[in-house]
Amino acid sequence: WSAHGPHITRWAVGYTVPCELIVATICTESGGNPLSVRQESGYKTDQETPNRVSVGLMQTLISTAREVTRFHFIDREWLLKPENAIQAGTAMIAHQFPETRFDPPKVACAYKAGGVYYQNGPQNRWKMRQFPIGTGEHCDRFVKWFNECFVMFKEDHNTPEMSFTRVLNEV
């Protein structure tokens, strides 16, 4: 939050996505490393397989970033810039709203798996597809970070306008 709060706030407002979902996604996906890159099985090159490489703070696939922002020029270098990565990742969360309704575990699983899909692994209490398959590890990490945002915003005394924290404190 301290490193990227202004960008998170900008795109949270721009896409009407609560800040907690963006922060939790960043922490879960890259641990806050803006240079993070993950190549999936079948990756050849960024140009040939943009659907097999996740780049930047929010670990957005190049192909997904192009789709949800409608910016067909997006490449690895663009996503390695924190503000751009936050824009693309937030656009993805907003794009999935009809399916997730911003329910935090659904957001985590839909972001990671491309949608909300049933998965009945014995160690997956969430019963949604995530990786590693058959576990709830991804969603568990996301929910931990999501919950930490409430503590952080309370201690910071500077709760962002577009946040669950603000809405809950106004009720």
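A crossing of two helices is called right-handed if the near helix is turned clockwise from the far one by less than a right angle, and left-handed if anticlockwise. In this predicted model, helix 1 passes helix 5 in a crossing of the right-handed kind.

## Helix packing

Two packed helices are described by the angle between their axes and the distance between the axes. The table sets out three helix pairs in these terms.

| Helix pair | Angle between axes | Axis separation |
|---|---|---|
| Helix 1 (residues 5-15) and helix 5 | about 30 degrees | 9 Å |
| Helix 3 (residues 62-69) and helix 5 | about 65 degrees | 9 Å |
| Helix 2 (residues 19-29) and helix 7 (residues 104-113) | roughly 50 degrees | within 11 Å |

Helix 5 takes part in two of these pairs, with helix 1 and with helix 3. Angles under 35 degrees count as roughly parallel, and helix 1 and helix 5 are therefore roughly parallel to each other. On the helix 1 side, H7, I8, R10, W11, A12 and Y15 form the contact, and they meet E83, I86, Q87, T90, A91 and A94 of helix 5. Sorted by class, the residues in this contact of helix 1 with helix 5 comprise seven nonpolar, three polar and two charged.

The packing of helix 3 against helix 5 has another geometry. Because angles of 65 to 115 degrees count as roughly perpendicular, helix 3 and helix 5 are placed in that class. Helix 3 crosses helix 5 in the left-handed sense. T64, A65, E67, V68 and T69 of helix 3 make this contact with A88, A91, M92 and H95 of helix 5. The contact of helix 3 with helix 5 contains five nonpolar, three polar and one charged residue. A91 of helix 5 thus appears in the contact with helix 1 and again in the contact with helix 3.

Which residues outside its immediate sequence neighbourhood touch Q87? Q87 belongs to helix 5 (residues 82-95). With neighbours within four places in sequence left aside, its contacts are W11, Y15, F71 and W78. Two of these, W11 and Y15, are also among the helix 1 residues that meet helix 5. Q87 has a relative accessible area of 8% and is therefore buried.

## Helix 7 and its surroundings

Helix 2 and helix 7 are oblique to each other, and their crossing is right-handed. The residues that meet are L21, T25 and E29 from helix 2 and P104, V107, Y111 and K112 from helix 7. This contact of helix 2 with helix 7 has four nonpolar, one polar and two charged residues.

Is helix 7 mostly covered or mostly uncovered? Of its 10 residues, eight are buried, and the helix is mostly covered. The buried positions are P104, P105, V107, A108, C109, A110, Y111 and A113. P104, V107 and Y111 thus combine burial with a place in the contact with helix 2. The cover over the buried residues of helix 7 includes helix 2, strand 3, helix 5, helix 6 (97-100) and helix 8 (137-156). Immediately after helix 7, G114 adopts a positive phi of about 85 degrees.

## The sheet and the loop at E48

Three strands, in the order 1-2-3, make up an open sheet with antiparallel pairing. Strand 1 and strand 3 (60-61) are the edge strands; each has a single partner, so one side of each has no neighbour in the sheet. Two bridges join strand 2 to strand 3 in the antiparallel sense, and S54 stands opposite L61 in strand 3.

E48 is located in the loop between strand 1 (37-39) and strand 2 (53-55). Its relative accessibility of 55% is over 50%, so E48 counts as exposed. Along the chain, E48 and E67 are 19 residues apart, and their C-alpha atoms are separated by 16 Å.

## Backbone conformations in loops

Most residues other than glycine have a negative phi, and most peptide bonds are trans. Several loop positions depart from these patterns.

T16, in the loop between helix 1 and helix 2, has a positive phi near 55 degrees. With a relative accessible area of 48%, T16 is partly exposed. F102 occupies the loop between helix 6 and helix 7 and likewise has a positive phi, of about 65 degrees, although it is not a glycine. F102 counts as buried because its relative accessibility is 12%. The peptide bond from F131 to P132 is cis, with omega near 0 degrees, and P132 lies in the loop between helix 7 and helix 8.

Conventions
Residues are numbered from 1 along each chain as its sequence is written. This is a predicted model: local features need pLDDT of at least 70, side-chain atom pairs count only at pLDDT 80 or more; totals for chains, interfaces and linings use all residues. Side-chain values use heavy atoms; hydrogens and water are left out. Axes are lines fitted to C-alpha atoms, for helices over the stretch in contact, and angles run from 0 to 180 degrees between N-to-C directions. Helices (H or I, at least four residues) and strands (E, at least two) are DSSP runs, numbered from the N terminus. Angles under 35 degrees count as roughly parallel, over 145 as roughly antiparallel, 65 to 115 as roughly perpendicular and the rest as oblique. Contact means heavy atoms within 4.5 Å. Ala, Val, Leu, Ile, Met, Phe, Trp, Tyr, Cys and Pro count as nonpolar, Asp, Glu, Lys and Arg as charged, and the others, Gly among them, as polar. Buried means under 20% relative accessible area, exposed over 50%, partly exposed in between (1.4 Å probe, protein chains only). Two strands pair if DSSP finds at least two bridges between them.
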